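Me: I would like to learn to read a helical model feature by feature. Can we start with the whole and then go to the parts?

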Amino acid sequence: MLPSVSCPHSPLLSLRRTTTTISSSLHNPTSPQDPVLRQHNSKSTSLLLRHLSNNHESKQQQQQEQRDLIPPEDKIKLLEMSLVTKRPPQFPGSIYDASDSLLQPLQTIFKPNNTNLKQIDNNNDDLDDVDEEMIMKALDIRRKVTAEIFKNAMKRTGKFGITYSTNVTDRLPDFIDYVMIKAAALKKLPEFANSTFNVRAKRVIEDSNVVPLIRWLKHNGLSYPKIAKLICMSSGNLESIRYMAQWLKSIHVKGEFLGVALLKSGGNVFKRNVEELNEIVDYLESNGVRRDWMGYVMSRCPQLLSQSIEEVKMRVQFYLHMGMNQNDFGTMVFDYPKVLGFLSLEEMNQKVSYLKEFGLSTEEVGRLLAFKPHLMGCSIEERWKPLVKYLYYLGISRDGMRRMLTIKPIVFCVDFETTIVPKVKFFQDIGVRDDGIANMLVKFPPLLTYSLYKKIRPVVIFLITKAGVNERDIGKCISQGPELLGCSIGNKLEVNVKYFLSLGIKLQQLGEMIADFPMLLRYNIDLLRPKYRYLRRTMVRPLQDLIEFPRFFSYSLEERIIPRHKVMVENQINFKLRYMLACSDEEFSQKVADKLERRRRFELGLVNEAVTESQTDDDSPGKREEVAYSETANSIFEPQAVDPSVGRTELDRSNSNGSQSCLTQ
């Protein structure tokens, strides 16, 4: 089609009109469908053609000059038009907006202006920068084209959804570049010399088998972010991903942890030989790590996959040299697999040296780490030193800290600001003194691991409201028996409270008993019943004796209560429960001997002398009470020596008074 001229009265337009074929209104009668055409003579036609050919050559030369003067920005836009895969629909009669960014370069070609020409002339020195920018733009466009090809391959070959394909493609920038480079390299091969880029990119994607690999990884429980990271880490060696994943499954690594193990092991895991990995597994198995534990260990400590066999042996020997046997080492690795690959050897030595500062030997540190290997995962500066400083200001000595460390090492793994400080503040609020708090923590370190609002506070509220403990005594009760805070309210404390109340003990008396001996609520009822039955039926003691001395339930029935009661019966003497049980065997034998000596003196009529000697020997109120109680009891269990100077009526009066005193006791 010839180019149009803007002037309607130009001679070129008139000549063009003369050469245009027109249809006549007349028709050939023989063929009514064909129009009758009319043309000018040959002379005028040749003149017109010669004129038009000269004009066409001049127009082509002018257009070439205009193309050479296209600004760099328009060149980039023209490049985009030539590389994009999806263009706006074009059909006869379609209308385009003049402001369309895709049509502006075309407008610039046919309508150059002087401003652009001057700008290009002034920027001749920056042509290299413009060319580099154009190359980067071309690469970006080609990258988008490759991503679309990969996305279509996932949807058609892999039968993935649009959303899943888009999400995976957006996370594979490195692999998209790999496909783009490989597709460009195929251009050098003879069979792909005349093929388009799309064909070559599809061929690269098919040869890499990336779509079936994504399907297999998804079937094994890997999410698409992990799949994308693995593909980018492989550097194009996609078969190594399947190879390593199958090896991990052979050592019992579950599908949900395959991606974690491969991603956290490091990029060099895809370059390792399977024989080296099998050697590591066999060495760990020979040192106590069971074969069926290996998958759990590798999934929790994937750094082992990137370590050499020599480094693994050094780490294993580090723990074995501390006195661990193979069983302890195997269970330690299973409990906390990071002890082998999470830390460097320097950090491991620093932590062992710090633990020795508490007074622990190397063997004791080995036993401690075998029991709680999580200590190796704690920071010295951020975790241990602030906690030690806080415990020191609470009044806990180094020996106390060592006891806490050996009994409950998890205390040194928690954040003391959020876990320990609120509990200490709560104990101070209920009346526990600072030295009492220090004794509590040293005596019962698991207290620091209990929840303040779910465990400690409910027990304290129960003791005050349901067990009869006075608010003034609750601090004393908790400081003496912090083990109560670890008991279950429904299964232990409430059951024991109901049992003691069923014996006839009032709630207020029970509260005083608990404040005096908090461990009373921790005993099993099956152990309490035989002791109470023996006290009431065999020893014939009143309930008041039990209220005054609730520690009676803490002594063994077969080893202490029954043997000592038999000694008392055989020698016809009597003691209060406190003086009967709260002493060693030697002290009890001495008390029995003293009692027998006083009785002998009484039988010889040396009563006043015996009383005087006992008062000089025992000045404490408890001792005087014991003497008075024993002398009164002897009037019942022992035969009385009759003095001729004493009348019969006085002797009977003393016997009757002794009987009444015994009943009240």
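Reply: We go from the overall make-up to helix pairs, then to single residues.

Me: What kind of model is this, and how many helices and strands are there in the protein?

Reply: The model is predicted. The protein has 37 helices and 2 strands.

Me: How much of the protein counts as buried?

Reply: Of its 665 residues, 38% count as buried. Take the surface next. The protein exposes about 38,300 Å². Carbon and sulfur atoms supply 51% of that area.

Me: What share of contacts joins residues at least 24 apart?

Reply: Start with contacts between residues at least 6 apart in sequence. Of these, 69% join residues at least 24 apart.

Me: Now helix pairs. How do the axes of α32 and α34 cross?

Reply: Read the distance and the angle together. Helix α32 covers residues 557-570, and helix α34 covers residues 585-603. Their axes come within 11 Å and cross at roughly 15°. Angles under 35 degrees count as roughly parallel, so α32 is roughly parallel to α34.

Me: Is the crossing of α32 and α34 left-handed or right-handed?

Reply: The crossing of these two helices is right-handed.

Me: Which residues meet between α32 and α34?

Reply: From α32 come R564, V567 and M568. From α34 come D585, F588 and V592. The residues of this contact divide into 4 nonpolar, no polar and 2 charged.

Me: At what angle do α19 and α20 pack?

Reply: Helix α19 spans residues 345-356, and helix α20 spans residues 362-371. They pack at an angle of about 110°, with their axes 10 Å apart. The range for roughly perpendicular is 65 to 115 degrees, so α19 is roughly perpendicular to α20. The crossing is right-handed.

Me: Which residues make the contact of α19 with α20?

Reply: On α19, they are V352, L355 and K356. On α20, they are T362, V365, L368 and L369. By class, the residues of the contact divide into 5 nonpolar, 1 polar and 1 charged.

Me: Which residues of α20 are buried, and against which helices do they pack?

Reply: The buried residues of α20 are V365, G366, L368, L369 and A370. They pack against α16 (309-320), α17 (326-335), α19 and α22 (398-407). V365, L368 and L369 are thus listed both among the buried residues and in the contact with α19.

Me: Let us stay with α17. How far apart are T331 and V289 in sequence and in space?

Reply: Compare the two separations. T331 is in helix α17. T331 and V289 are 42 residues apart in sequence. In space they are 7.3 Å apart, C-alpha to C-alpha. T331 is partly exposed, with a relative accessible area of 33%.

Me: Last topic: backbone angles. What sign does phi have in most residues other than glycine?

Reply: Most residues other than glycine have a negative phi. A positive value therefore merits a look. K159 is not a glycine, and its phi is positive, near 60°. H252 is not a glycine either, and its phi is positive at about 75°.

Me: Where do K159 and H252 lie?

Reply: K159 is in the loop between α6 (127-156) and α7 (162-170). H252 is in the loop between α12 (238-250) and α13 (258-264).

Me: Do the cut-offs make K159 and H252 buried, partly exposed or exposed, and why?

Reply: Exposed means over 50% relative accessible area. K159 has 66% relative accessibility, so K159 counts as exposed. H252 has 48%, so H252 counts as partly exposed.

Key:
Residues are numbered from 1 along each chain as its sequence is written. This is a predicted model: local features need pLDDT of at least 70, side-chain atom pairs count only at pLDDT 80 or more; totals for chains, interfaces and linings use all residues. Side-chain values use heavy atoms; hydrogens and water are left out. Helices (H or I, at least four residues) and strands (E, at least two) are DSSP runs, numbered from the N terminus. Buried means under 20% relative accessible area, exposed over 50%, partly exposed in between (1.4 Å probe, protein chains only). Contact means heavy atoms within 4.5 Å. Accessible areas come from the Shrake-Rupley method with a 1.4 Å probe; for residues, only the protein chains shown count as cover. Axes are lines fitted to C-alpha atoms, for helices over the stretch in contact, and angles run from 0 to 180 degrees between N-to-C directions. Angles under 35 degrees count as roughly parallel, over 145 as roughly antiparallel, 65 to 115 as roughly perpendicular and the rest as oblique. A crossing is left-handed if the near helix is turned anticlockwise from the far one by less than a right angle, and right-handed if clockwise. Ala, Val, Leu, Ile, Met, Phe, Trp, Tyr, Cys and Pro count as nonpolar, Asp, Glu, Lys and Arg as charged, and the others, Gly among them, as polar.
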